[in-house]
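Work through the exercises below with the sequence and the structure in view. Try each task before reading its solution.

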Amino acid sequence: MSSQWTKVAVVGAGTIGLSWAALFAANGLEVRITDPREDLTDAVRAAMPALAASIPGADVDDLLGRIHLTGDLAEAVAGVDLVQENGPERLEFKQQLFAEIARHAPENAVLTSSSSGIIATAIAAELPGPVAARLLIAHPFNPPQVVPLVEIVPGERTAEPVVEAAVEFYRALGKTPVRLRKEIPGFVANRLQSAIMQESISLVQQGVVRVDELDTVMKASLGGRYATVGPFESFHLGGGPGGIRHMMAHLGVGMAERWKDLGHPQLTEDSIAAISGQTEATYGSGPAAYEERSELRDRKQNAINAALHDIEQS
């Protein structure tokens, strides 16, 4: 089913929505972007050069040639195969938005949300069964056009063929879709990121390291390691021939003791100001710094993606 999809609607033209639109267009799809913002045309034209540069082989004019802009939601979703929603992270808003989308999208269109934490069952709670059967979460890790992951999280009423078609669709885009086996707020990637940020902020607040030093520690250790093997395989290999069983027997008790000592920092105005100040002093602030650091991040990520792809194909 999804291999024949040719038209998609992107609802919401913020950072995530524009990134999705660029990726869809780069893969030859007809893309309709809708957003009530008055500067929609300017926003899309301003974003596409950097987005095209972050997608190997993409061309700005080609992307713009496949993108149609409209402030009319009904026009945007009419006749499409898939809707990718990227609105504000508010449950009531998403419930109302999908009810409106369902009134105008084709009866067989797959309805996906880029929500970073709200589960599909909650979004579809008031929707009729046939609509809820076509709705699921397709959560990317930012930026979607560069980072491979997309978490596929069906709701309680999502139909299995819809899930399978969505997985096939995103995989055909070059994404790495992972279907979660159970709904949980925040899904997996963001929960892991939150846990890491919790301890990272705690260590900085305690004066153990500065922001830039912690980033260096991560990039020079776990960051590179986890790009090649995940936490469980890492522990399995770390245990030598005895594997994870030996690792847990040898270091498990000490690890569990450290869990009790992990920080629980409070994000007060003062602590936010301190963390932000260190970060801005290291990486800059404002549009120019953002563009420069984002471009560097995307080049590094694409280099990692390409290297891993080449190794896996060899």
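## Exercise 1: Overall size

Task: Compare the radius of gyration of the protein chain with that of a compact globule.

Solution: For 314 residues, a compact globule would have a radius of gyration near 20 Å, and the chain's 21 Å agrees with this. The radius is taken over C-alpha atoms, and the globule rule is 2.2 Å times the number of residues to the power 0.38. Along its principal axes, the C-alpha trace spans about 60 × 45 × 45 Å.

The model is predicted: local features need pLDDT of at least 70, side-chain atom pairs count only at pLDDT 80 or more, and totals for chains, interfaces and linings use all residues. Residues are numbered from 1 along each chain as its sequence is written, and side-chain values use heavy atoms, with hydrogens and water left out.

## Exercise 2: The sheet

Task: State the order of the strands in the open sheet, and find the edge strands.

Solution: Begin with the inventory: the protein chain has 14 helices and 8 strands. These are DSSP runs numbered from the N terminus (helices: H or I, at least four residues; strands: E, at least two). The 8 strands of the open sheet run in the order S3-S2-S1-S4-S5-S6-S7-S8, and the pairing is mixed. Two strands pair if DSSP finds at least two bridges between them. Strand S3 (67-70) and strand S8 (176-179) each pair on one side only, as edge strands.

Next, take one pair. S1 (residues 7-11) and S4 (residues 82-85) are parallel partners over 4 bridges. Within this pair, Ala9 has Val83 of S4 as its bridge partner.

Then add a helix. H5 (residues 91-104) packs on the sheet and touches S1, S4, S5 (110-113) and S6 (135-140). Its direction makes about 160° with that of S5. Contact means heavy atoms within 4.5 Å; axes are lines fitted to C-alpha atoms, for helices over the stretch in contact, and angles run from 0 to 180 degrees between N-to-C directions.

## Exercise 3: Helix pairs

Task: Classify the packing of H1 with H2, and of H11 with H12.

Solution: The classes are roughly parallel (under 35 degrees), roughly antiparallel (over 145), roughly perpendicular (65 to 115) and oblique (the rest).

H1 (residues 15-26) and H2 (residues 40-54) pack at about 60°, with axes 10 Å apart. H1 is therefore oblique to H2. In this contact Leu18, Ser19 and Ala22 of H1 meet residues of H2, among them Ala43 and Leu51. The contact has 7 nonpolar residues, 1 polar and no charged. Nonpolar means Ala, Val, Leu, Ile, Met, Phe, Trp, Tyr, Cys and Pro; charged means Asp, Glu, Lys and Arg; the others, Gly among them, are polar.

H11 (residues 231-238) and H12 (residues 243-260) pack at about 100°, with axes 7 Å apart. They are therefore roughly perpendicular to each other. Among the residues in contact are Phe232 and Phe235 of H11, and Met247 and Met255 of H12. The classes here are 6 nonpolar, 3 polar and no charged.

## Exercise 4: Backbone exceptions

Task: Where are Pro143 and Phe187 found, and what is the phi of Phe187?

Solution: Start from the general rule: most residues other than glycine have a negative phi, and most peptide bonds are trans. The bond joining Asn142 and Pro143 is cis, with omega about 0°. Pro143 lies in the loop between S6 and S7 (149-154). Phe187 is not a glycine, yet its phi is positive, about 60°. Phe187 lies in the loop between S8 and H9 (189-205).
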